[in-house]
Structure formats: C-alpha cells, structure tokens
Amino acid sequence: MAPTSSSRKTGLVAKGAILLAVSLILSYVEALLPLSRAIPIPGFKLGLANIAVIIAYFSVSPIAAAVISFSRAIVTSLLFSGVTTLIFSFLGAAFSFAVLTVISHIKRPRFGFLGLSVAMALAHNAGQLIGSVIVMKNFSILWYYPALALAAVICGSLTGCALSLLPERIYKRKV
Amino acid sequence: MKLPEKKPTVADFALVFIVILSGILFLIFSSLGSPSSRATVAGTDGVFTVDLSNDAVYSVSSNGIDYVIEVSDCEIDVIKSNCPDGTCLNTKSIGKRPGSIVCVPGKLVISCGDGGENENGADFIIP
C-alpha cells in the first residue's frame, strides 16, 4: 500500500526529529572527548553533527536541515559551553549551512561528500571566529584561522568519509 | 539539487590541496617573523602591554576568571587559570613566534605579532 501524503509528511517529520536527536548525541560525544588538551585551538571540534545535518538536507528537506543545525547550536551551547558561546555556534551553523546550500546547487565543479564536508568545516570555523571577534572585540583571534583551517581539512575529511560509507537509501526522500 | 558524489572528485582534491598549501605557507611565514618585544593582554577589566624582555609573573582577572600569566625567556604563557575550558592553559607560549592565546569563557586575549606590537588601545604599559 502506497503511503498517503499526510503519512509521508509525518514520516519525514519523524525522520527529522530522529536526525536532530542524532546530531545532539554526536555533539554530546564530542563534548566528552578531551580535544582541547590534544589540540589547544579555541573552537576546535570534530564536527560530527554535520553528518546529521547533511543527511537531513538531502533526505528530508533543506528547511529541516536548517532547523536541526540551529537547534543543535542553541541546545549544545546552553548544555555544554554556556551562553557566551551561543553566538559562535550560531554563526558557525549559519555559515556552514550557507555553504551546504551553495555547494548542493553548484553543477560545476562537482563536489563529493569529502569536499562538501571540508567546505562546511571551513565555513563553520570562519563563522565561529567572526563570532569571537564580535564578542571579544579583538582581531588577534584571527591568527587561529590557518590552524583551524588545517584542522577543518582533517575533520571534514573524516565526516566526508563517514557520509560516503553510508548506504545511498539513507539519502532518499522515502519514509 | 543532486546528491554529492560518493567518491572524492577533482574539485574535492583541489579544495583540500589549496587549503593545506595556504595553511602550511602561512604557518611557515609566521614562524619566520621576528620575535616580539611586547605582548598585549586584553580582558574585560582593561588592556595592558607587557615587556617580554623582563621575566615576571602577573595575576589578571577577566570576566570573573583568574589567570596567572608568566613572562619568561621572551615568551608569555598562561600558567594557571580557573577557567572551565582549559584551552588557554594548553596553548603553547607565544612571543618568539607571533600568535595569540585566547580564553573564550574569560574573554581574555593575549597577543603578539602585528596586533600585539600595536600599543594603541592599551590602558597602560608594564615595563
């Protein structure tokens, strides 16, 4: 029996909710890792939650992906880092989502999951640093961008590989 | 809107190559810079400049967080802090190389190099 329009919509909402939960769990796992000891760069993160955002973008809708991205930024800031970091997370999420939207609409050159993840990580870091400059009123923080960019390549490649390994049916808009 | 390629494309490799190359070049050129003679410490309680040629220990407070900053061997470093993040403590000392030490929860930035040499905006200078 083919799913009706309303049951399909319900299914997509449920899928979006699951992906939001997944993104929060991934952020929680990241918060548990002692990354600041290993790599002491402010704002450095693995960006595992981007996996859930990208899946939502292609399998549910861009709006659902935006909701997941911004909700995750707000919830993780309030839970794990405090209100100060809210603007960093929010700008990081906005920049990376903008890059996701642009790259997904570019026909040439054609990017793969690896390039998409790296570009999103770079944009996320740029957004976070701009947020830091606004909050701390100090441009010296921009010194960190080259180191953050190199870290973004490594972390973006990891998430890109993870996305490539997922079966193609995960990205289909089916419920 | 098409799904991105599963296998890495030429554009992916080009992006990764450009970022790695520019990052490495920047890090090489910044390490070649001359050592700084002064560092700027900017917190919520004010901005001051310290002379890196004199070894000293400073106690600084910013946004309710206390720091102990040490100047030793022409370098400046955060040696003690009650900040919950700990990134500032783990950041390597600066001075011989340009850069900055940032503590986000305490809104503290210690900088050397182009920004740090500029004494404009400093409330006072500690010799």
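# A tour of the contact between chain A and chain B

Begin with both chains in view, where, in this predicted model, the rule finds 11 residue pairs in polar contact across the interface of chain A and chain B, both residues of each pair being at pLDDT 80 or more. To see which parts of chain A take part, select helix 2 (35-38), helix 3 (49-59), helix 5 (86-105), helix 6 (113-136) and helix 7 (145-165) of chain A, since these are the elements that give two or more residues to the side that touches chain B. Keep helix 6 of chain A highlighted for a moment, as the largest share of that side, 9 residues, comes from this helix. If you colour the side of chain A that touches chain B by class, you will find 27 nonpolar, 10 polar and 4 charged residues.

Next, select every residue in the contact, which takes 41 residues from chain A and 39 residues from chain B. The area buried between the two chains is about 3,500 Å², and carbon and sulfur atoms give 72% of that area. Within chain A, pick out Arg110(A), Met136(A) and Trp143(A), which lose the most area to chain B and together make up 22% of what that side buries.

Stay with Arg110(A) and add Glu5(B) to the selection: the two form a salt bridge in which the closest N and O atoms are 3.3 Å apart. Where do the two ends of this pair lie? Glu5(B) is in the segment before helix 1 of chain B, while Arg110(A) is in the loop between helix 5 and helix 6 of chain A, and the pair therefore crosses between chains. Across the interface the rule finds 1 salt bridge, and a search of the whole structure finds 2 salt bridges over all chains.

Arg110(A) also leads to the next stop, as this residue belongs to the lining of the largest cavity. Select with it Phe58(A), Ile103(A), Ser104(A), Ile106(A), Phe111(A) and Leu116(A) from chain A, and then Lys2(B), Leu3(B) and Pro4(B) from chain B, to show the residues that line this cavity. About 50 Å³ of space lies inside, and the lining divides into 7 nonpolar, 1 polar and 2 charged residues. A search of the whole structure finds 1 cavity of 30 Å³ or more.

Now turn to the backbone of chain A and select Arg108(A) and Pro109(A), which are joined by a cis peptide bond with omega of about -5°. Pro109(A) has its place in the loop between helix 5 and helix 6 of chain A, the loop that also holds Arg110(A). Then move to Lys137(A), in the loop between helix 6 and helix 7 of chain A, where phi is near 50°, a positive value in a residue other than glycine.

For the last stop, show the second largest pocket, which has a volume of about 500 Å³. Which of its 18 lining residues should be selected to find the centre? The closest to the centre are Tyr144(A), Ala147(A), Leu27(B), Thr91(B) and Arg97(B), so named from both chains. In chain B, helix 1 (10-32) and strand 6 (99-103) each supply at least two residues of the lining, and the largest share, 4 residues, comes from helix 1 of chain B. Coloured by class, the lining of this pocket shows 10 nonpolar, 6 polar and 2 charged residues.

Notes:
Residues are numbered from 1 along each chain as its sequence is written. Chains are lettered from A and ligands numbered from 1 in the order in which they are written. This is a predicted model: local features need pLDDT of at least 70, side-chain atom pairs count only at pLDDT 80 or more; totals for chains, interfaces and linings use all residues. Side-chain values use heavy atoms; hydrogens and water are left out. On a 1 Å grid over the protein atoms alone, a cavity is a set of points where a 1.4 Å probe fits but cannot get out, and a pocket is an open set with protein on both sides within 12 Å along at least five of seven lines; lining residues have an atom within 4 Å of a point. Grid points are joined across faces, edges and corners, and a volume is the space filled by probe spheres set on the points. Ala, Val, Leu, Ile, Met, Phe, Trp, Tyr, Cys and Pro count as nonpolar, Asp, Glu, Lys and Arg as charged, and the others, Gly among them, as polar. Contact means heavy atoms within 4.5 Å. Buried area is the accessible area (1.4 Å probe) that two parts lose on being put together, summed over both. A salt bridge is a side-chain nitrogen of Lys or Arg within 4 Å of a carboxyl oxygen of Asp or Glu. A polar contact is a pair of N or O atoms within 3.5 Å; within protein, one must be able to donate a hydrogen and the other to accept it, and residues adjacent in sequence count only if both atoms are side-chain atoms.
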